[in-house]
Amino acid sequence: MDVKISESWNAILNSEFQKPYFESLASFVKLEYKNHRCFPKGSEIFSAFNHCSFDDVKVVIIGQDPYHGENQANGLCFSVHDDVSHPPSLINIFKEIESDIGKTYPSSGNLAYWADQGVLLLNATLTVRAHQAGSHQNKGWEKFTDAVIQQISEQKENIVFLLWGGYAKKKGAKIDTSKHCVLTSGHPSPLSANRGYWFGNKHFSKTNDYLKSIGKTKINW
């Protein structure tokens, strides 16, 4: 796997890339992309990092798996390519933004503009085989993204972590809450949202209130 990741992240994660588990992961992913249709496309696997440098991280959103449908995944959690129908979780994210801060529901589900403002849109697993949810889980990606979260927690201060659903909460369990702002709620998926665990969390206004309180520029959601 040709690791194309921004220099700021490479400096932080280079030692991780040298570890045996990552070499094994890279071999697995190369073989999968060679023999099967996989998402996102190779150049977008590290999009979350390439849109948001380590120095610029202000907010971290943790997802689980890339979308496995045609042309959906673009390397940013919850995000899809332009002109792609919005998946149910993304619909509920936009609905919450609409009710929370009054922003009109957008036509595009591409969240690259969030990432470009310092929102790290990090999936726990960065690749998937087409139409096979979870097919690249437990191959090493989770260990890698745990290391990413640990580096952010240890080396930075005053980061907003948005942990939606049980999986994200578990993955973020070791974040140092004494120096970071951790907001939790149910997952935006319909199953959780329709039971009252998502809507009304006001995470988008709360994030901006916190950023403002520490002198940082708010996110244009």
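**Exercise 1. Place strand 5 in the sheet.**

Task: starting from the bridge partner of Ile61 in strand 5, work out which strands flank strand 5 in this predicted model.

Solution.

Step 1. Ile61 has Leu162 as its bridge partner in strand 5. The pairing of strand 2 with strand 5 is parallel and consists of three bridges.

Step 2. Leu162 in turn has Leu183, in strand 6, as a bridge partner. Strand 5 and strand 6 are joined by five bridges, again in the parallel sense.

Step 3. The sheet is open and made of four strands in the order 3-2-5-6, with parallel pairing. In that order strand 5 stands between strand 2 and strand 6.

**Exercise 2. Find the edges of the sheet and what packs on it.**

Task: state which strands stand at the edges, then describe how helix 6 packs on the sheet.

Solution.

Step 1. The edge positions belong to strand 3 (119–123) and strand 6 (181–185). Each has a single partner strand, so one side of each lacks a neighbour in the sheet.

Step 2. On average, neighbouring strands of this sheet are turned by 20° against each other, direction ignored.

Step 3. Strand 3 pairs with strand 2 (residues 59–63) in the parallel sense, over five bridges. Within strand 3, Leu120 is the residue opposite Val60.

Step 4. Helix 6 (residues 141–155) packs on the sheet and touches strand 2, strand 3 and strand 5 (160–164). The direction of helix 6 makes about 150° with that of strand 3.

**Exercise 3. Decide how enclosed strand 5 is.**

Task: determine how many residues of strand 5 are buried and which way their side chains point.

Solution.

Step 1. Val160, Leu162 and Trp164 point one way from the strand, while Phe161 and Leu163 point the other way.

Step 2. All of these residues are buried.

Step 3. The count is five of the five residues, so strand 5 is largely enclosed by the rest of the structure.

**Exercise 4. Characterise the salt bridges.**

Task: say how many salt bridges a search of the whole structure finds, and describe the pairs made by Arg129, Arg37 and Lys171.

Solution.

Step 1. The search finds four salt bridges. Three of them are treated below.

Step 2. Arg129 pairs with Glu32, with 2.9 Å between the closest N and O atoms. This pair links distant parts of the chain, 97 residues apart: Arg129 is in strand 4 (residues 128–129) and Glu32 in helix 2 (residues 20–35). Arg129 is partly exposed at 21% relative accessible area, whereas Glu32 is buried at 8%.

Step 3. Arg37 and Glu70 meet in a salt bridge of 2.6 Å, N to O. Both lie in loops: Arg37 between helix 2 and strand 1 (38–39), Glu70 between strand 2 and helix 4, 33 residues apart. Arg37 is partly exposed, with 49% relative accessibility, and Glu70 is partly exposed as well, with 43%.

Step 4. Lys171 and Asp146 also meet in a salt bridge, at 2.6 Å from N to O. Lys171 belongs to helix 7 (residues 165–171) and Asp146 to helix 6, so the pair ties together parts 25 residues apart in sequence. Here Lys171 is buried at 11%, and Asp146 is partly exposed at 36%.

**Exercise 5. Explain a charged residue without a salt bridge.**

Task: why does Asp100 have no salt bridge?

Solution.

Step 1. Asp100 lies in helix 4 (residues 88–101) and is buried.

Step 2. The nearest side chain of opposite charge is that of Lys202, 4.4 Å away. A salt bridge requires the nitrogen and the carboxyl oxygen to be within 4 Å, so this pair does not qualify.

Step 3. Asp100 nevertheless touches Lys202, along with His203, Phe204 and Ser205, leaving aside residues up to four places away in sequence.

**Exercise 6. Account for the cysteines.**

Task: give the number of disulfides in the structure and examine Cys38 and Cys181.

Solution.

Step 1. There are zero disulfides.

Step 2. For Cys38, the closest cysteine sulfur is in Cys77, at 20 Å, which is too far for a bond. Cys38 is buried, with 8% relative accessible area.

Step 3. For Cys181, the nearest cysteine sulfur belongs to Cys52 and is 16 Å away, and Cys181 is in no disulfide. Cys181 also counts as buried, at 14% relative accessibility.

Notes. Residues are numbered from 1 along each chain as its sequence is written. This is a predicted model: local features need pLDDT of at least 70, side-chain atom pairs count only at pLDDT 80 or more; totals for chains, interfaces and linings use all residues. Side-chain values use heavy atoms; hydrogens and water are left out. A disulfide is a pair of cysteine sulfur atoms within 2.5 Å. Buried means under 20% relative accessible area, exposed over 50%, partly exposed in between (1.4 Å probe, protein chains only). Helices (H or I, at least four residues) and strands (E, at least two) are DSSP runs, numbered from the N terminus. Lys and Arg count as positive and Asp and Glu as negative; His and the chain ends are not counted. Contact means heavy atoms within 4.5 Å. Two strands pair if DSSP finds at least two bridges between them. Axes are lines fitted to C-alpha atoms, for helices over the stretch in contact, and angles run from 0 to 180 degrees between N-to-C directions.
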